[in-house]
Amino acid sequence: MRTTLAQVRSFNQPIRLLLVNQLTINVGFYMLMPYLALYLSGDLGLAVWLVGLILGVRNLSQQGMFLLGGSLADRIGYKPMIMAGLILRSIGFALLGLVESLPALIVASALTGFAGALFNPAARAYLAQEAGERKVEAFALFNVFYQTGILAGPVIGLLLNGVAFRLICLVAAGLFTVLAVVQVRALPARSGGRAGAEASLLQDWRQVIGDRAFLLFSLAMVGSYVLNFQIYLGLPIEIRRMTGGEAGVTLMFVISGGLAVLGQVRITAWAKARWTSGQAMARGLWLMGASFVPLALATTLSPRNLNAAPWLAYAVALAPALLTTCLLSLATMIVYPFEMATIAALGGERMIGTYYGFYNTLSGIGIAAGNLLTGTVLDAGRQMGAPGLAWWSLVIVGCGCATAVWALDRSGRLTPDHRPQAALT
């Protein structure tokens, strides 16, 4: 932790504030969202499909609006968009705890999603611009604070939920309100590269889509988000299936977040000293694919049939999933800082927010499609008597992503000078 704190102190005040912002944002978000579905279906008595609709609206309003949020940040400025997102999320979270009608809950959910679409690209663009040549180190720290919020949020939410879910909503809304007030006073204004541009948003979007190297990189990285999301989808399902309980799922999240908090800065420094950005991403993606091999090999084991003490059978059942979690977390720690820095490099100084927005939108679409396919293959594999089918498929996806990024790096497309001169005007 001393290394991490020293790294934090080495950056200027705006970057340190952005790191604290992300920590607080994630604490507020994750203290509420894990318990929202239970509140909607239990306390409010909504049908499961209505709960899915409300949660889906939040995801759609966020993923679908990332591009707009990023483009507005480039034109209006990063601070106003961060502020707008914080205020909207404060309103949305407060409404979730105060209203009970379906239309009002849908509006509240949409507001929380749209808020994320406003401040996420703006915050990343601000961080990239402010960090200059130290983008990789800045995004490594960003992930540390991000993961710390994920670890702390559910614990705080669990304590508050013992009183009332409404209290969680109001406390989360209060956090975002306080954060917005702090931004007004402490976060310096930074204009985006498209301030005063005569071209329309549509022209900016055409330019991004027409950036062949960036589009190929974005598509190559989509699979990595599908793999990464298995910590929320496939791995919890498999742990419950193999162990019959929830304790292993909690342990998995603790391990994943804890590794990032404790090891991200050192691993990033180690990788940067040895590899280029392209090499680090390709090797991290290879590891991301390989991380599912232990689970694929172990899916035929049935710990309940082992002639061993219950605790040993439980450990044997849980070990492959936890090993996969460790390897997947390590791979993500290698890839993420270089990935974020590469997006900023490809976007240049003028359209960083737009590039981040487009990238997030494409990643969100990929996660939705990937989750559908992963769930389908998981079910089909069990019905066919091949429970490892989904995990081997994910291994192939990881290898495919790594090969694509490796090829792009070898061809020189991951460096800023790939862009035609017309794209810079």
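**Helix packing and aromatic pairs in a predicted model**

Let me begin with one residue: Trp 391 counts as buried, because its relative accessibility is 0%, where buried means under 20% relative accessible area, exposed over 50% and partly exposed in between, with a 1.4 Å probe and protein chains only. Please keep in mind that this is a predicted model, in which local features need pLDDT of at least 70 and side-chain atom pairs count only at pLDDT 80 or more, while totals for chains, interfaces and linings use all residues. Residues are numbered from 1 along each chain as its sequence is written, and side-chain values use heavy atoms, with hydrogens and water left out.

Trp 391 lies in helix α18, residues 389–410; helices here are DSSP runs of H or I with at least four residues, and strands are runs of E with at least two, numbered from the N terminus. Leaving aside neighbours within four places in sequence, Trp 391 is in contact with Gly 234, Leu 235, Glu 238, Phe 292, Leu 295, Ala 296, Thr 299 and Leu 378, contact meaning heavy atoms within 4.5 Å.

That list leads us to helix α12, residues 234–243, which is mostly covered, with 7 of its 10 residues buried. The buried residues are Gly 234, Leu 235, Pro 236, Glu 238, Ile 239, Met 242 and Thr 243, and they pack against α13 (247–274), α15 (293–298), α16, α17 and α18. Just after α12, Gly 244 takes a positive phi of about 75 degrees.

Now to helix pairs. Helix α11 (residues 212–228) packs on helix α16 (residues 310–347) at an angle of about 155 degrees, the axes being 12 Å apart; axes are lines fitted to C-alpha atoms, for helices over the stretch in contact, and angles run from 0 to 180 degrees between N-to-C directions. α11 is therefore roughly antiparallel to α16, given that angles under 35 degrees count as roughly parallel, over 145 as roughly antiparallel, 65 to 115 as roughly perpendicular and the rest as oblique. The crossing of α11 and α16 is left-handed, a term used if the near helix is turned anticlockwise from the far one by less than a right angle, with right-handed used if clockwise. Among the contact residues are Phe 214, Phe 217 and Tyr 225 of α11 and Leu 328, Val 335 and Glu 339 of α16.

Helix α7 (residues 102–131) packs on α17 at about 135 degrees, with axes 8 Å apart, which means that α7 is oblique to α17. This crossing of α7 and α17 is right-handed, and here Pro 121, Arg 124, Ala 125 and Ala 128 in α7 meet Ile 352, Gly 353, Tyr 356, Gly 357 and Asn 360 in α17.

Finally, the aromatic rings. How many aromatic pairs does the count come to? The count comes to 14, where rings of Phe, Tyr and Trp (its six-membered ring) pair if their centres lie within 6.5 Å, and planes under 30 degrees apart count as stacked, over 60 as edge-to-face and the rest as tilted. In one pair, Phe 29 and Tyr 30 have ring centres 5.0 Å apart and planes at 80 degrees, so the pair is edge-to-face, and both Phe 29 and Tyr 30 are buried. The rings of Tyr 225 and Tyr 359 have centres 6.1 Å apart and planes at 75 degrees, so that pair is edge-to-face. Because Tyr 225 lies in helix α11 and Tyr 359 in helix α17 (residues 352–383), this pair ties together parts that are 134 residues apart in sequence. Both Tyr 225 and Tyr 359 are buried, and ring pairs link Phe 214, Phe 217, Tyr 225, Tyr 355, Phe 358 and Tyr 359 into a cluster.
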